[in-house]
Amino acid sequence: VKIAQAADTIYIEEIRKAGLYDQISQAFAVLLPVKAVGVMGDARTYEQVIALRAVQTEDFMTADW
């Protein structure tokens, strides 16, 4: 839960820095139940995956993302 909360905090901060906060109706980060595979040196690494979503809508029936 702490990872998802930290990611969401960073995401919202970056949206604010970009001046987009008032244009976005809903934005959040989601910690996915999968791990990504990468390579560091000669070894594989397995890390958490975060998905980011931002939606612009006026009525929450239709949206642009």
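The legends below describe several views of one predicted model. Residues are numbered from 1 along each chain as its sequence is written. Local features need pLDDT of at least 70 and side-chain atom pairs count only at pLDDT 80 or more, while totals for chains, interfaces and linings use all residues, and side-chain values use heavy atoms, with hydrogens and water left out.

**Figure 1. Overview of the chain, with one helix and two strands.** From the N terminus on, the elements run α-β-β. Helices (H or I, at least four residues) and strands (E, at least two) are DSSP runs, numbered from the N terminus. The C-alpha trace spans about 50 × 25 × 20 Å along its principal axes. The chain has a radius of gyration of 15 Å, whereas a compact globule of 65 residues would have one near 11 Å; the radius is taken over C-alpha atoms, and the globule rule is 2.2 Å times the number of residues to the power 0.38. Of the 65 residues, 12% count as buried. Buried means under 20% relative accessible area, exposed over 50%, and partly exposed in between (1.4 Å probe, protein chains only). The chain exposes about 5,400 Å², of which carbon and sulfur atoms supply 56%. Accessible areas come from the Shrake-Rupley method with a 1.4 Å probe, and for residues only the protein chains shown count as cover. Among contacts between residues at least 6 apart in sequence, 31% join residues at least 24 apart; contact means heavy atoms within 4.5 Å.

**Figure 2. The salt bridge between Lys 17 and Glu 14.** A search of the whole structure finds one salt bridge, defined as a side-chain nitrogen of Lys or Arg within 4 Å of a carboxyl oxygen of Asp or Glu. The closest N and O atoms of Lys 17 and Glu 14 are 3.3 Å apart. Both residues lie in helix α1, three residues apart, which is about one turn of the helix. Lys 17 has a relative accessible area of 66% and is therefore exposed. Glu 14, at 40%, counts as partly exposed.

**Figure 3. A nonpolar surface patch of Ile 3, Ile 50 and Leu 52.** Together these residues have about 260 Å² of accessible area. Patches are made of residues with over 30% relative accessible area and no salt bridge; like charges are joined within 9 Å, and nonpolar side chains (Val, Leu, Ile, Met, Phe, Trp, Tyr) within 5 Å. Ile 3 lies in helix α1, which covers residues 2-17. Ile 3 counts as partly exposed because its relative accessibility is 45%. Leu 52, in β2, stands opposite Ala 29.

**Figure 4. The hairpin of strands β1 and β2.** Strand β1 (residues 26-40) and strand β2 (residues 43-55) pair in the antiparallel sense over 12 bridges. Two strands pair if DSSP finds at least two bridges between them. The hairpin has two residues between the strands, and Gly 41 takes a positive phi near 65°.

**Figure 5. Surroundings of Thr 45 and Val 34, in strand β2 and strand β1.** Thr 45 counts as buried because its relative accessibility is 17%. Apart from its neighbours within four places in sequence, Thr 45 is in contact with Ala 36, Val 37, Gly 38, Val 39 and Met 40. Val 34 is partly exposed, at 45% relative accessibility. With neighbours within four places in sequence again left aside, the contacts of Val 34 are Glu 47, Gln 48 and Val 49. The C-alpha atoms of Val 34 and Tyr 46 are 9.4 Å apart, and the two residues are 12 apart in sequence.

**Figure 6. Surroundings of Arg 53 in strand β2.** With a relative accessible area of 37%, Arg 53 is partly exposed. Beyond its neighbours within four places in sequence, Arg 53 is in contact with Tyr 11, Gln 26, Ala 27, Phe 28 and Trp 65. Arg 53 and Trp 65 are 12 residues apart in sequence, with 7.8 Å from C-alpha to C-alpha.

**Figure 7. The backbone at Phe 60, in the segment after β2.** Phe 60 has a positive phi of about 60° although it is not a glycine. Most residues other than glycine have a negative phi. Phe 60 is exposed, with a relative accessible area of 55%.
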